[in-house]
Amino acid sequence: MLSLKELSEKLYPAFIRTFDENLSKPCRLFLSATNMKERALIRHAVSDTPEEAWMAALSELEKILTDEPAILRADWVTASETVTWAECLERIKAKRRNYFRQGIAFDKNYNLAFMEQELNANAICCNLEQEDKRGEFQTEKAAAYCQQRFGQDFPKLADTDEVELFNTTGIFIQAGMTEPLTITAEGRRVVDADNGEMFFDMARRGTNYLVTQCGADGRFIYGLYPCDDSVVPGYNTHRHFGTLFAMAETYEICADDEIKKSLGAAIENGLEYGIRNLLRYKKTDDGTEMAYFSEGRATTIGISGLALLAFTKWTTSTGTTKYISLMNALARGIIATQKPDGTFTQVLNIRNFSVRREFSVTFYDGEALYGMLRLYAITKEKYLLESVERAINGFAEKKYWEHHDHWMQYTLNELTLFKPTAKYFKFGLDNISSYLPNIRRSTVHNPTQLEMIMAAENMIRRMKSLPDMKDLLKDLDDKYFYSTTDIRAERMCNSYFWPEVAMYFKNPERMVGSFYVRTDAFRVRIDDVQHTISGLLAYYKCFKGASVELQPIKLDKPVAVEKVDAVRSNRTVIKAGSVRVTIETDQAEPVEVEGVKVKSVAVEENPPISVGIMKRVKANFWEMSNARYPMFCMAKHFNIELLFFAPQDIDFETMTVNAITLENNAVVHKTAPIPKIIDNDITYSRPATAPIMRKLREHSYLIRPIAGMRKQTFYTTLAKDGRFNDYLIKTTTVKDFQHFQTLFEKNNFDVIMKPGNGVGGSGVVHLIYDDNKCFVTFKTVTTELKTVDELEKFYNEHFTDRPYIMQPYVTSRTRQGNPFDVRIHARRGAGGKFVTFLYPRIGNGEGVISNIVAGGYTMGLEPFLKTEYGDDWKVVYDKLMFLSDNFPDYYQSFFKDTIFDIGIDVGIQKRNGDYELKLFEAYIQPGFTMIRNEVAVTNFDYYRYLDQKIREGSLK
């Protein structure tokens, strides 16, 4: 590693040579240096000459730099503009999050100035609201960095104060370089896009990053946020196997034995981790095994597809055959979900393999099909190819190419290797052709677009060698197609953590060689890297003129297809060597598999239905921020029409409603028959609208016919029953101040007061008497009450306008002291059964409650429990799962009418070495902003169930 002086001597001549005094005078110069183990140190200077600016900035940098730097970078201002602070904030908001690409000087003399790299690497222009994709200036982060960088407070700016927005250009030198490199407008080096080896090197370094993130147990660090070097919470089985697939792709073409050794070990560990921890088998009545990998409480055909891709790529790369039986079982598991029209049931419950969700996302289908084709290339089992063809033919009829799914492009490229027919080539062309302009325009990190266009390129290259297919290519503009391919590949360089980009983040060395997502605080997640590697490798192979087609391996024993006579029952068994596939025969129309005509599972096409949505709040109902907005966007896909209306919109004489719906993302008013199913707001049961709702109930099924229990009723009812007493908190309705004093003492002077009919945590007060002082926390403010008279005054002001209940305080707080609870959100779904979603809700530390509306936040359940409880997390998790599995049906048992949805809030406190779960409350119609997509699909499953019951006459 060179000293700062040595790096400076290499960089300075290039700086003087490059600096344009006509463009950049005076010289406003920023020098940045780092050892790549810590965030770059930066000093800047302003002078009339570049020589003076260099000496001044370098002198200041020498004072603070303690280690020899690995990289030195010089940036200087080339253009600037004076704007008001208000206009600056608006410009930041007008950009996508982290896409504000200018520096800001907060005074004319640039005494206090941040480069664009400083602003973004310290998340100063990053909107902290995950749903909001616009930029936002974070004053607190700016203040913290200002203290670190300048040792002074960040200025308080009025809207009319003026600031300077500026652009820079730059150069840098790195240890090991002979000459400095120029910085582009994207903040990274100029690259030679005609150098195919560069793209392979990027993919190889990205793969090495994944190796460093794979632990000895085979589980990856899921992702990192480079701004503060924090870990992305959660884990994802789907992405685990996709990552291994990309790593195996690199292994296949890597020539360095030393690299292959460590890479191969990581891949094996990752595959074995999945087998040890995530694999579940299902046996049919005849003993045939199907395999699935779990994703929490579910499994998907997408997981099975990516697992097949990982195992098949490892099989073809190494010649091993030890995973053949597992891969066959995975394929059988996918085929078992296939319907007569070729489509699949996408999501199953892992516990009993029942249907959890018919459809989730489009790309699961392509992943499953691609995985089966890769297995077919190895085993040549015809039933695999026939299953894929049934699916592709069905998807073609449904115009699946309109989704422009990159996994489907992979599938069609692979399918045409074995079935080079015009209809499959046309499907592949339709999938890519109309999407090319989007790929060409897109400037964000979207590696799947490169994967998609490269899979299409491989297919098109083969089409050109087939005389019968040339007519299909007559409308393809070759020049436009290949230039778009090059544009997309080069843009991948903009999301690569080059050293000169990584140097401004907290732990540069850790991030170099990975790929980031700028819009999510420069997040680096294993799937971000995975998709980029796959795209770059395909592009590199195109450079080399190499085929990206899968080469079949030779098995020790060929797997012959053997037909078995149909069993004289309601199922037929097809045998392929050691593989046995059971096909249910509940439908008259036969399906031909391996030359045997068998009946398939009876699945009725989803008929169109209308569902009424009756909610009180209309103000922002059609904004993306509203939790129900995705339901209206997604409903058409499920062949469901959602009609929004209120009681006053109903005309009982004509039995119609004046409703609003969403069509092509536009609000449309229409008159329609009153729907048979109404998703209603429980507040409409109040006196003003109760008569209308009673009359409506005579015609339609209201999914919320009741309003649940009040808080005190909830506790007394459950206490009387006794089955869940261990989870209850002792609760008493407070009568007057004297009663309050008595209860306060009985509960050790540490209590919670709640309004008996409160909603969303409103009105909750924490009172504690300690060291002869009484402290009251209400609405995030803690007040000391010094006398009994002051306490009585507070009581009269806050607790006499409505009934209040008192409970002993449950110490459910994080290690940082923030209040939290775990929300168990239960609602009816497929088959009318409860489906539950669990997530922690963490308060902001200033108040009593953890409600999201009150300023809290949430995260994944498992990472939260692991953070809070360490090795004991599974104990707490199992207790929550027990409550989740049993309490919703138990709560239902107290009501005659069917409950649709329940919000169950659970506190967790440690006592006597054990973890106690305490029920804060349970109520009907909980909010679902955090899980709105999951709720939408679950609702659709329930609407379908109700519609079927109505059609059967079993539901009125």
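In this predicted model, the N-terminal end of helix α25 is capped by D736, one of whose side-chain oxygens lies 3.2 Å from the backbone nitrogen of Q738. The helix itself covers residues 737-746, and within this stretch F737, H739, F740, L743 and F744 are buried. These buried residues lie on the same side of α25, because the arc they cover around the axis is only 150°. The face turned away from that buried side carries E745 and K746, both of which are exposed. After the helix comes N748, a residue with a positive phi, near 60°.

What, then, covers the buried residues of α25? The cover includes the strands β28 (732-734), β29 (750-755), β30 (765-770), β31 (773-778) and β33 (804-808), together with the helix α26 (788-798). Aromatic residues of this part of the chain are also joined to one another, since ring pairs link F737, F740, F744, F749, Y769, F794, Y795, F799 and Y804 into a cluster. Three members of that cluster, F737, F740 and F744, are among the buried residues of α25.

Elsewhere in the protein chain there are further ring pairs, and the count comes to 65 aromatic pairs. One of them is formed by F106 and F154, which meet edge-to-face, with 5.0 Å from centre to centre and 80° between the planes. This pair links distant parts of the chain: F106 belongs to the loop between β4 (103-105) and β5 (113-114), whereas F154 belongs to the loop between α6 (139-150) and β6 (162-174), and 48 residues set the two apart. Are these two residues buried or exposed? F106 counts as buried because its relative accessibility is 9%, and F154, with a relative accessible area of 12%, is buried because this value is likewise under 20%.

Aromatic rings also have charged side chains as partners. K260 lies over the face of Y251, at 4.6 Å from the ring centre, and R518 lies over the face of Y99, at 5.4 Å from the ring centre.

These details can be placed within the protein chain as a whole, whose secondary structure comes to 29 helices and 38 strands. Of its 956 residues, 55% count as buried, while the chain exposes about 41700 Å², of which carbon and sulfur atoms supply 48%. Among the contacts with a separation of 6 or more, 67% are accounted for by residues 24 or more positions apart.

Conventions. Residues are numbered from 1 along each chain as its sequence is written. This is a predicted model: local features need pLDDT of at least 70, side-chain atom pairs count only at pLDDT 80 or more; totals for chains, interfaces and linings use all residues. Side-chain values use heavy atoms; hydrogens and water are left out. Helices (H or I, at least four residues) and strands (E, at least two) are DSSP runs, numbered from the N terminus. Buried means under 20% relative accessible area, exposed over 50%, partly exposed in between (1.4 Å probe, protein chains only). Contact means heavy atoms within 4.5 Å. Accessible areas come from the Shrake-Rupley method with a 1.4 Å probe; for residues, only the protein chains shown count as cover. Rings of Phe, Tyr and Trp (its six-membered ring) pair if their centres lie within 6.5 Å; planes under 30 degrees apart count as stacked, over 60 as edge-to-face and the rest as tilted. A charge sits over a ring if NZ of Lys or CZ of Arg is within 6 Å of the ring centre and within 35 degrees of the ring normal. The arc is that of the directions from the helix axis to the C-beta atoms. A polar contact is a pair of N or O atoms within 3.5 Å; within protein, one must be able to donate a hydrogen and the other to accept it, and residues adjacent in sequence count only if both atoms are side-chain atoms.
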